Amino acid sequence: MRGKFITFEGIDGAGKSTHIAWVAEQLQTRLGDARRVVTTREPGGTTLGEDLRQILLHRKMHLETEALLMFAARREHLAEVIEPALARGDWVISDRFTDASFAYQGGGRGLARERLEALEQWVQGDLQPDLTLLFDVPLEVAAERLAGARAPDKFESESSAFFARTRQEYLRRAAEAPGRFRILDSTRPIADIQVELQEIIASL
Ligand code: ADP
Ligand code: TYD
């Protein structure tokens, strides 16, 4: 039986990375020995993808180049990691996927949605995550969390207007596919969010 594909999304500082390892552990316990939980990320997840990640996070480029490289890394990720794992019956958890391209390159940078939809169709065909967890927080909360946490990369250095558009596009994508998305109020304490995550995991 094919495995399930779960993606984590949210603006930088929303708290998504905080929960990934914990969810993977919970899920692995639930699935037992027969199926593995593979945790991966975008951009990245393959040797080539991690090289592209370094370029994407640190080099300036035309916004279409940025979108094309995101989808190039994704093509490799699907072929090398995601598709084979799902076909084996393993489950895949990815720290970001295509919704991030719509949110950041589309919402944030203003790339036309039709361009992104064409790339999505080309690279994925009909494949979509079975579940997308959207960690949602107001920009001020995310910015405050990031301020003390780490040196900002290219995206994390963007303006609050950029992140307002990014968050808006995430919420639009969620409204467009309500069956796939779960929106988590990420302003709550970590323990409260874990309670909700546990319920979601139990329902899978
Ligand atoms: P993301 O992966 O979404 O960019 P992180 O998980 O790295 O965000 O979290 C950013 C910072 O915020 C970290 O320092 C983390 O400890 C803190 N953080 C995450 N979730 C919460 C929360 N619910 N309440 C308070 N602080 C949080
Ligand atoms: P992330 O791994 O969440 O960063 P960190 O490890 O620092 O928390 O994501 C890297 C950045 O890449 C993030 O700012 C969002 C951006 N990104 C896009 O702009 N488009 C995409 O398609 C993806 C997958 C990520």
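Helices and strands are here taken as DSSP runs, numbered from the N terminus. With that naming in hand, a tour of this predicted model can begin at the loop between strand S2 (37-41) and H2, where Pro43 is found. The peptide bond leading from Glu42 into Pro43 is cis, and its omega is near -10°. A second backbone feature sits in the loop between strand S3 (91-95) and helix H4 (98-108), which is the place of Arg96. Phi of Arg96 is near 80°, a positive value in a residue other than glycine. Both features are worth a look on screen, because most residues other than glycine have a negative phi, and most peptide bonds are trans.

As for the wider setting, an unreviewed UniProt entry places the feature "domain: Thymidylate kinase-like" at residues 8-194. Helix makes up 59% of this span and strand 12%, and the C-alpha atoms at its two ends lie 14 Å apart.

Two helix pairs can be described in some detail. The first is formed by helix H2 (residues 47-58) and helix H3 (residues 63-88), whose axes come within 9 Å and cross at roughly 160°. Angles over 145 degrees count as roughly antiparallel, so H2 is roughly antiparallel to H3. Their crossing is left-handed. On the H2 side, the contact involves Leu48, Gly49, Leu52, Ile55 and Leu56, which meet Glu66, Leu69, Met70, Ala72, Ala73 and Glu76 in H3. Sorted by class, this contact of H2 with H3 comprises eight nonpolar, one polar and two charged residues.

The second pair joins H4 to helix H5 (residues 113-124); here the axes are 10 Å apart and the packing angle is about 160°. H4 and H5 are therefore also roughly antiparallel to each other. The crossing of H4 and H5, however, is right-handed. H4 contributes Thr98, Ser101, Phe102, Gln105 and Gly106 to the contact, while H5 contributes Arg113, Leu116, Glu117, Glu120 and Gln124. The contact of H4 with H5 has two nonpolar, five polar and three charged residues.

Charged side chains also pair up elsewhere, with 19 salt bridges in the structure. One of them links Glu83 with Arg2, where the closest N and O atoms are 3.4 Å apart. Glu83 belongs to helix H3 and Arg2 to the segment before strand S1 (5-9), so this salt bridge ties together parts that are 81 residues apart in sequence.

Conventions: Residues numbered from 1 in each chain as written. Chains lettered and ligands numbered in written order. Predicted model: local features only at pLDDT ≥ 70, side-chain atom pairs only at ≥ 80, totals over all residues. Heavy atoms only, no water. UniProt positions renumbered as here; feature names shortened; annotations may be inferred. Helix = DSSP H or I, 4+ residues; strand = E, 2+ residues; numbered from the N terminus. Axes fitted to C-alpha atoms, helices over the stretch in contact; angles between N-to-C directions. Parallel < 35°, antiparallel > 145°, perpendicular 65-115°, else oblique. Left-handed = near helix turned anticlockwise from the far one by under 90°. Contact = heavy atoms within 4.5 Å. Nonpolar A, V, L, I, M, F, W, Y, C, P; charged D, E, K, R; others polar. Salt bridge = Lys/Arg side-chain N within 4 Å of Asp/Glu carboxyl O.
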